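Student: I am new to this structure and would like a close look at a single part of it. Please take one region step by step and explain each term as it comes up.

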Amino acid sequence: MTELICIVCPKGCHLKVDEENGYKVTGNGCPRGAAYGEKELVNPTRVITSTVKIEAKTARRVPVKTAGDIPKGRIYDIMKELDKVTVKAPIQIGDVVIPDVLGLGVDIVACKKVTE
Ligand code: SF4
């Protein structure tokens, strides 16, 4: 039995996941917590937020995020990739900064508009 706190919404339900009983989840206040509890043990993923360097007059870094979930175990590898990147202004929200990062099928996208 593994105990987790659900991070899907601010309520933070205390979950118990029974690995020996088909990942049955208890303590969840809604079905999303059951899905989260099972996924967290079988295939944990995260959306990553960070920043990358930018060549611009008005900013030195621009916030970015993964456009979808990536495996939790690859977070450090992705942070190393972000450290290698420098983008140039202008950049728009949603512009792809790194396509298909590390072949994971997820793009890194800009989260802020920087015009100059
Ligand atoms: S189980 Fe449902 S209600 Fe509870 S924290 Fe997760 S999403 Fe929120």
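Tutor: What follows is a walk through one sheet, its strands and the loops beside it.

The model is a predicted one, in which local features need pLDDT of at least 70 and side-chain atom pairs count only at pLDDT 80 or more, while totals for chains, interfaces and linings use all residues. Residues are numbered from 1 along each chain as its sequence is written, and side-chain values use heavy atoms, with hydrogens and water left out.

The part to look at is an open sheet of five strands, ordered E8-E5-E6-E10-E9, with mixed pairing. Strands (E, at least two residues) and helices (H or I, at least four) are DSSP runs numbered from the N terminus, and two strands pair if DSSP finds at least two bridges between them. The edges of this sheet are strand E8 (86-88) and strand E9 (96-98), and each of these has a single partner strand, so one side of each is left without a neighbour in the sheet. From one strand to the next, the twist averages 45°; such angles run from 0 to 180 degrees between N-to-C directions, with axes fitted as lines to C-alpha atoms, for helices over the stretch in contact.

Begin at the E8 edge, where strand E5 (residues 49-55) runs parallel to E8 and is joined to it by three bridges. In this pairing, Lys53 stands opposite Thr86 in E8. Lys53 also has a bridge partner in E6, namely Arg61. E5 and E6 pair in the antiparallel sense, over five bridges, and a hairpin of five residues leads from E5 to E6. Further along the order, E6 pairs with E10, again in the antiparallel sense, over three bridges.

Strand E6 deserves a slower look. In a regular strand the side chains alternate between the two faces of the sheet. In E6, the covered face holds Val62, Val64 and Thr66, whereas Arg61, Pro63 and Lys65 make up the uncovered one. Arg61, the bridge partner of Lys53, is therefore found on the uncovered face of E6.

Thr66, on the covered face, has 1% relative accessibility and so counts as buried; buried means under 20% relative accessible area, exposed over 50% and partly exposed in between, with a 1.4 Å probe and protein chains only. Its bridge partner in E10 is Ile108. Ile108 is also among the residues that Thr66 touches beyond four places in sequence, the others being Arg46, Val47, Ile48, Val106 and Asp107; a contact here means heavy atoms within 4.5 Å. In addition, a polar atom of the side chain of Thr66 lies 2.9 Å from the backbone oxygen of Gly68.

Helix H2 (residues 75-83) lies across E5, strand E6 (61-66), E9 and strand E10 (108-110), and runs at about 15° to E5.

At the other edge of the sheet, Ile98 lies in strand E9, and its relative accessibility of 13% is why Ile98 counts as buried. Leaving aside neighbours within four places in sequence, the residues in contact with Ile98 are Glu81, Leu82, Val85, Val106, Asp107 and Ile108. Val106, Asp107 and Ile108 have already appeared among the residues touched by Thr66. As for Val85, its C-alpha atom is separated by 8.3 Å from that of Ile98, although the two residues are 13 places apart along the chain.

Two loops beside the edge strand E9 complete the picture. The loop between E8 and E9 contains Pro90, and the peptide bond that joins Ala89 and Pro90 is cis, with omega about 0°. In the loop between E9 and E10 is Asp100, which has a positive phi of about 45° although it is not a glycine. With 38% relative accessibility, Asp100 counts as partly exposed, whereas Thr66 at 1% and Ile98 at 13% count as buried.

Technical notes: A polar contact is a pair of N or O atoms within 3.5 Å; within protein, one must be able to donate a hydrogen and the other to accept it, and residues adjacent in sequence count only if both atoms are side-chain atoms.
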